[in-house]
Amino acid sequence: MQLALNRFDMTDGCTIGKLSIDGEFFCYTLEDRVREVRGADVLTWKIPGITAIPHGNYRVVKSFSNRFQHDTLQLIGVPGFLGIRIHAGNTSANTEGCILVGLTAGDEAIYRSKEALRMLEDELFPVLVRNVDVFLKIT
């Protein structure tokens with residue numbers, strides 16, 4: 001299964017994108033500001049806690065989060081980042097490099113996040129427990 005995150009609105013405060021599953025729009029995303037300098041080592045451009053993850057294709061797994069105390073969607077193999085998850089939240093204050101999801105998007109915010117997350121987990125958790133490969137490509 002292939003997820004795609006297309007970043008389309010980048011500001012000094014955050015990055016808004018669209019998440020698709022197998023080519024079909026699913027929801028909006030919000031991340032920290034993109035600071036990536038392509039070709040440069042992540043340690044030269046990353047500011048911890050306020051930087052979006054680099055462009056790439058990452059494996060998505062279901063894993064228990066000690067912070068949230070329940071299973072979440074986690075991205076594996078993100079260069080220079082650990083513990084990157086997809087979770088609920090509305091603004092860049094709610095993320096530290098993670099990807100937030102929402103059903104609507106506004107000015108530097110997304111809304112109906114818990115609903116979007118529940119729908120996304122309902123879609124992906126059954127697939128992941130069957131050991132189907134799920135990847136997220138970020139462009």
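This talk goes through the charged pairs, one buried core residue, a surface patch and two backbone angles in a predicted model.

I'll start with the salt bridges. A search of the whole structure finds four of them, and I will show three. Opposite charges on side chains can pair when the charged atoms come close to each other.

The pair I want to begin with is Glu-31 and Arg-7. Their side chains meet at 2.8 Å, N to O. Glu-31 is in strand β3, residues 24-31, and Arg-7 is in strand β1, so this bridge ties together parts that are 24 residues apart in sequence. Are these two buried or exposed? Glu-31 is buried, at 0% relative accessible area. Arg-7 counts as buried as well, at 5%.

Next, Arg-59 and Asp-133. Here too the side chains form a salt bridge, with 2.8 Å from N to O. The pair links distant parts of the chain, 74 residues apart: Arg-59 belongs to strand β4, while Asp-133 is in the loop between α2 (113-129) and β10 (135-138). On accessibility, Arg-59 is partly exposed at 33%, and Asp-133 is partly exposed at 41%.

The remaining bridge on my list joins Glu-115 to Arg-112, with 3.0 Å between the closest N and O atoms. Glu-115 has a relative accessible area of 30%, which makes it partly exposed. Arg-112 is also partly exposed, at 45%.

Now for a charge without a partner. Glu-121, in helix α2, is buried yet has no salt bridge. What is the nearest side chain of opposite charge, and how far away is it? It is Arg-118, at 7.7 Å. A salt bridge here requires a side-chain nitrogen within 4 Å of a carboxyl oxygen. As for what surrounds Glu-121, once neighbours within four places in sequence are set aside, its contacts are Asp-71, Thr-72, Leu-73 and Pro-126.

Leu-73 also appears in the next environment, that of Val-60. Val-60 sits in strand β4, residues 56-65, and is buried, with 2% relative accessible area. Not counting residues up to four places away in sequence, Val-60 touches Leu-3, Leu-73, Gln-74, Leu-75, Leu-128, Val-134, Phe-135 and Leu-136. One distance to note is the one to Ile-86: Val-60 and Ile-86 are 26 residues apart in sequence, and their C-alpha atoms are 9.4 Å apart in space.

Moving to the surface. Which residues form the negative patch? They are Asp-9, Asp-12, Asp-107 and Glu-108. Asp-9 is part of strand β1, residues 2-10, and is partly exposed at 33%. Glu-108 comes from the loop between β8 (104-106) and β9 (109-111), and counts as partly exposed at 35%.

Glu-108 brings me to the backbone. Although not a glycine, Glu-108 has a positive phi, about 55°. Where else does a residue other than glycine have a positive phi? Gln-69 does, with phi near 60°. Gln-69 is in the loop between β4 and β5 (70-76), and counts as exposed, at 52% relative accessibility.

To recap the charges: Glu-31 is buried and bridged to Arg-7, Glu-121 is buried without a salt bridge, and Glu-108 belongs to the negative surface patch. That is the end of the talk.

How values were computed
Residues numbered from 1 in each chain as written. Predicted model: local features only at pLDDT ≥ 70, side-chain atom pairs only at ≥ 80, totals over all residues. Heavy atoms only, no water. Patch = residues over 30% accessible without salt bridge, like charges linked within 9 Å, V, L, I, M, F, W, Y side chains within 5 Å. Areas by Shrake-Rupley, 256 points an atom, 1.4 Å probe, with all protein chains shown as cover. Lys, Arg positive; Asp, Glu negative; His and termini not counted. Charge placed at Lys NZ, Arg CZ, Asp CG, Glu CD. Helix = DSSP H or I, 4+ residues; strand = E, 2+ residues; numbered from the N terminus. Buried < 20%, exposed > 50% of the residue type's maximum accessible area, 1.4 Å probe, protein only. Contact = heavy atoms within 4.5 Å.
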